[in-house]
Structure formats: C-alpha cells, structure tokens
Amino acid sequence: MHTHEDTHGTIGHEPTGGSDVALAKLLELDGEVLASYFSELTGRLAELADPPPARILDLGSGPGTGSLALARRFPTAHVTAVDISVQMLHRLSEQASAHGVADRISTVEANIDESWAELGRGGPYDLIWAAAFMHHVADPARTFAQAFEHLHPGGLIAVTEMDFFPLYLPQDTGVGRPGLEARLHAATNTQPPHEWTDHLRDAGFTLQERRPFDIRLDATQAGPSLNAYAQASLATLRSHATEVLDADDLAALDVLLDEAQPHSVARRNDLSVRTTRTTWIARRP
C-alpha cells in the first residue's frame, strides 16, 4: 500500500502497480506549478492558527509537497511527515535538505490504518494536514477520531481534496476532434465528490470553513514546469482510458503525449491549468 493517484484526480494510499518515482515527480511538479495555491491555503491556516503551530503532522505526505509548503509558511514549526512508502519519504528528505529545512522536517514510515503510537511521541500536534488522503483510509471515522486525539485543544485540521484532475489543453488541440480533454475527463472521472463535513463534526471537531479554491493559471503564472506537469498528468489519465475512450480519441491522445510530435503537450505554448480543490478546516474545541 502506498501513495498513488486515481482517476478522480486525487492522491492517497492504496495498492497500485504504478511507479513511486513517476508519481513523486508528478507531485513535485504539482507543488511547483501550483505554488500560489499552496501559499494561499497555508496563508489561510496562518490566519486561523493562534498561536502559530509549533508541531505539524502531514498525513500521507508523499514526497513532501505539503510538508515543504508548511515549513515555509511556519518557519519555527517542526513538521512530521507520514507515509507508507519509504521511497516517497526518502525523496522528501532529499527535498527538505535541498530547501534547507531538513532540521525541521522528520519522516515516519507508517500505515495510518494501523497504530498511531509512533506518531504520538512528543505529545499532541497543533496542526494536522491531510491533502487528498482521507478518502483512501480504510475507516475514515476512526482516522478522524485518531486525528482529534492527537491535536491540542484549539488545534486545526486541514483536509483537502482535488475535485478533478486539472485541465490543460485548448478546446481544439489541432489533433483529432475538438473537446478531447473534456471527453477524457468525462470517461475517467466517475467517482462522486468527497464530503468530510459530517465526519469532522462526528469526530468532535468544530468546522471553521469549507473553502473551495478555483485555480486558473495561464502559462506565465504556472511557470516553466507547466509542460512537464501537463504531460505527466495526462499520461496518468491515459493509463486509465484504454477501455473507456474511443479509438480515435485514444489515438489523438497518444499523438499529444508523443514528445516527438509537433502538437505534443511537451512542446505547446498554449497550455493553462484549470481545476478546483476543496479544503475543510476544523478546530478541536
């Protein structure tokens, strides 16, 4: 069991045959391209946290996109990053060193569905972060209850879900019929949206806000990693589309993913990022 992405555009923990390396690169690109979104979200947490958190727990950390964003926002905090994949945690440690925060980010290899004994060392946390992770746990009610017990009174929990994989392409890509990306998403994004309001309240939390983030970035705003990010994300969706997309659309998508082709996603200058994410922020009374 390890970190992965599914066709609903989410990131979490469950069995998968995919490559941890490829996934880690995609998650790191997510952090680079959506840096403004992470800054906005952590900024909102800073507004709600009083005093600023000293101890932060990142559940399902992957290669550390959230851990690094939290370490940047809260420069005196220590972040404990938890993941079941040793490869992800190794990459996180490398990233923490590269960003000069290795002394403030520690890693724990653990299965959240099992004992939290090791996570409880050092006492309760001031902030728990769970980005696109909670929907993959075996028993969400138990996990929320555990999170409640591991927070200081007054502490915050932030639970985020990616509502759908980002859209990148123009309506007419110059390959195949217009609207390819919309059809790809309609065919692969078949899961209902996640909703955590009742779960949080049932666990004893007081909901502070359910906050949607509408992300719209042009190529300039997204930065130089946009093409690689789009390529990796669309390739992930392509891996799920073989049985659900018609042959013409699959052929067009393969052309777009072929870096040697003139219309390749890797070469285009007309990409953008359009997606939404939802965050539930709640407090332990």
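What is the mean pLDDT of the protein, and what share of its residues reach 70 or more? This is a predicted model, and its mean pLDDT is 92, with 93% of the residues at 70 or more. The legends below walk through some close-up views.

**Figure 1. The stretch of residues 1-18 has pLDDT below 50.** Here we start with the part of the chain to read with care. In the model, residues 1-18 have 81 contacts beyond near neighbours in sequence.

**Figure 2. Helix 1 crosses helix 9.** Let us begin the helix views with helix 1, which spans residues 20-33. The axes of helix 1 and helix 9 come within 9 Å and cross at roughly 135°. Helix 1 is therefore oblique to helix 9, since only angles over 145 degrees count as roughly antiparallel. The crossing of this pair is left-handed. On the helix 1 side you will find L26, L29, D30 and V33, which meet L226, A228, Y229, A232, S233 and T236 of helix 9. Sorted by class, the contact of helix 1 with helix 9 holds 7 nonpolar, 2 polar and 1 charged residues.

**Figure 3. Helix 6 meets helix 9.** Helix 6 covers residues 180-188, and helix 9 covers residues 226-240. Their axes come within 10 Å and cross at roughly 50°, which means that helix 6 is oblique to helix 9. Look for a left-handed crossing of helix 6 and helix 9. E181, L184, H185 and T188 are the helix 6 residues in this view, and they meet L234, L237 and H240 in helix 9. The contact of helix 6 with helix 9 is made up of 3 nonpolar, 3 polar and 1 charged residues.

**Figure 4. Helix 9 and helix 10 are roughly antiparallel to each other.** Helix 10 runs over residues 247-257, and its axis comes within 10 Å of that of helix 9. The two axes cross at roughly 150°, and the crossing of helix 9 and helix 10 is left-handed. From helix 9, the residues Q231, L234, A235 and R238 meet L250, L253, D254, L256 and L257 of helix 10. By class, the contact of helix 9 with helix 10 has 6 nonpolar, 1 polar and 2 charged residues. If L234 sounds familiar, that is no accident: L234 takes part in the contact with helix 6 and in the contact with helix 10.

**Figure 5. F148 and F205 form an edge-to-face aromatic pair.** The count of aromatic pairs in the model comes to 5. In the pair of F148 and F205, the ring centres lie 5.2 Å apart, with 75° between the planes. Where in the chain do F148 and F205 sit? F148 belongs to helix 5 (residues 140-149), while F205 is in the loop between helix 7 (197-202) and strand 8 (206-217). The pair links distant parts of the chain, as F148 and F205 are 57 residues apart.

**Figure 6. The peptide bond from D50 to P51 is cis.** Zoom in here on the backbone, where omega of this bond is near 5°. P51 is part of the loop that connects helix 2 (35-48) and strand 3 (55-59).

**Figure 7. A132 has a positive phi.** The final view is another backbone detail. Phi of A132, a residue other than glycine, is near 50°. You can find A132 in the loop between strand 6 (125-131) and helix 5.

Methods
Residues numbered from 1 in each chain as written. Predicted model: local features only at pLDDT ≥ 70, side-chain atom pairs only at ≥ 80, totals over all residues. Heavy atoms only, no water. pLDDT = per-residue confidence, 0-100. Contact = heavy atoms within 4.5 Å. Axes fitted to C-alpha atoms, helices over the stretch in contact; angles between N-to-C directions. Helix = DSSP H or I, 4+ residues; strand = E, 2+ residues; numbered from the N terminus. Parallel < 35°, antiparallel > 145°, perpendicular 65-115°, else oblique. Left-handed = near helix turned anticlockwise from the far one by under 90°. Nonpolar A, V, L, I, M, F, W, Y, C, P; charged D, E, K, R; others polar. Phe/Tyr/Trp six-rings, centres within 6.5 Å; stacked < 30°, edge-to-face > 60°.
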